[in-house]
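Hi,

Here is the structure I promised to pass on. Have a look at it first, and my notes follow underneath.

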Amino acid sequence: MARLSESPLIEGLSNDVVIRCLAYIPFYLHPKLELVSHSWQAAIRSQELLKARKDLSITEDLLCVCAFEPENLWQLYVPLRDCWITLPVLPSKTRHLSHFGVVSTGGKLFVFGGGSDAVDPATGDHHGSFATNEVWSYDPVVRKWTPRASMLVPRSMFACCVLNGKIVVAGGFTSCRKSISQAEIYDPDKNVWAPLPDLHRTHNSACSGVVLGGKLHVLHKGLSTVQVLEIGDGPKWTVNEYGWLQGPMAVVQEHLYVMRQGIIFKQEASTSKVVVSAPELRNRIGSAMIGLRDELYFIGGVVGPSRLNLSIRPLSEVNILSVGNERPTWRQGAPMTRCRGTVLGCTQLTM
């Protein structure tokens, strides 16, 4: 990361004062500020500015999204401005990387593993599905992708969540679609992986994860069984039958929401409460559902073939549902400017 130069950014003001003023300027304006001079570019990308934002408790919540089109491209959504920023292409050798894990912590975006139906860059295999153990991080301050320490096990379609600043991955499939029970934990500060106890069950199915009450909950597609990881004095898995609804899930203010057949439910223990009907989402396949502040975002996806239309239409639309009030309300967000279609990865980034 760049360090601030000693030359004055503004004549008559100390650089410390200028940096504290710049800390209040929204992230989406940073590229324009960099055009002022080389000194200003260094200031915008400096450790000092990042530290000033933290010291002043100035944070912004963004959404990071990667969709089927274009290949390996990510965009950032800025709620404050209702606009999208395009990131540099993820420099993975894997074409059309998908089924990866994605989270953010410490102001950085992390992409883990995944697979592809394209050619395996290591073996040249055209036929079998393969998994990778590669890990990438993106720093929005310096706007750069960086390779990180590889996972202990190549995997795709797995659970991936942040617990206490560390990142846990569990289950999924390794190469040749072999289901695995291994779990591991990553320390982003030390760039080190360590094994965790295995899952009790693999179920030979894709899995996903949500964090509730400081615990990781691993859910397997098509099954009601939930495996729960609690770090505590030592990492331990337990198996529970919660009877949760199946479908896309998101957490808003420690409450779990599930979308099933065009209806949004609030999951409370073993009971489900209808929040709102969303018939326009019923035929929307492969969209992202994610919570941000007190809202649910539904991003991208495709509209599948119907009796009247046999084509598949990729979408870039963003629908936002406010669930913070007694009566939920819908609004439209700005559509993605580059990405469209099935969403391959989506996470919140706070910086």
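**Where the two domains meet**

Eleven residues of domain 1 touch twelve residues of domain 2. Keep in mind that this is a predicted model. The split I'm using puts domain 1 at 15–53 and domain 2 at 59–350, and their C-alpha centres sit 31 Å apart.

How much area do domain 1 and domain 2 bury between them? About 990 Å², with 62% of it on carbon and sulfur atoms. On the domain 1 side, F27, Y28 and R45 stand out: they supply 65% of the area that domain 1 buries against domain 2, more than any other three residues.

There is some polar chemistry across the interface too. The rule finds two salt bridges between domain 1 and domain 2, as well as three residue pairs in polar contact, with both partners at pLDDT 80 or more. As for which parts of domain 1 are involved, α2 (30–33) and α4 (47–55) each bring at least two residues to the side that touches domain 2. By residue type, that side of domain 1 breaks down into seven nonpolar, one polar and three charged.

While we're on salt bridges, R53 forms one with E60, and the closest N and O atoms there are 3.1 Å apart.

**Two residues to click on**

Start with D187, in strand β14 (residues 183–187). Is D187 buried or exposed? Its relative accessibility is 14%, so D187 counts as buried, the cut-off being under 20%. The D187 side chain reaches the backbone nitrogen of D189 at 3.0 Å. A polar atom of that D187 side chain also lies 3.2 Å from the backbone nitrogen of K190. If you set aside neighbours within four places in sequence, D187 is in contact with K166 and V192.

Then go to I320, which is placed in strand β29 (residues 318–322). I320 counts as buried because its relative accessibility is 0%. Which residues does I320 contact, leaving aside neighbours within four places in sequence? The list is Y77, E295, L296, Y297, T329, W330, R331, Q332 and G333. For the pair I320 and E295, the separation is 25 residues in sequence, while their C-alpha atoms are 6.6 Å apart in space.

That's what I have for now. Shout if anything looks odd on your screen.

Cheers

Notes:
Residues are numbered from 1 along each chain as its sequence is written. This is a predicted model: local features need pLDDT of at least 70, side-chain atom pairs count only at pLDDT 80 or more; totals for chains, interfaces and linings use all residues. Side-chain values use heavy atoms; hydrogens and water are left out. Domain bounds come from an automatic or database domain assignment. Contact means heavy atoms within 4.5 Å. Buried area is the accessible area (1.4 Å probe) that two parts lose on being put together, summed over both. A salt bridge is a side-chain nitrogen of Lys or Arg within 4 Å of a carboxyl oxygen of Asp or Glu. A polar contact is a pair of N or O atoms within 3.5 Å; within protein, one must be able to donate a hydrogen and the other to accept it, and residues adjacent in sequence count only if both atoms are side-chain atoms. Helices (H or I, at least four residues) and strands (E, at least two) are DSSP runs, numbered from the N terminus. Ala, Val, Leu, Ile, Met, Phe, Trp, Tyr, Cys and Pro count as nonpolar, Asp, Glu, Lys and Arg as charged, and the others, Gly among them, as polar. Buried means under 20% relative accessible area, exposed over 50%, partly exposed in between (1.4 Å probe, protein chains only).
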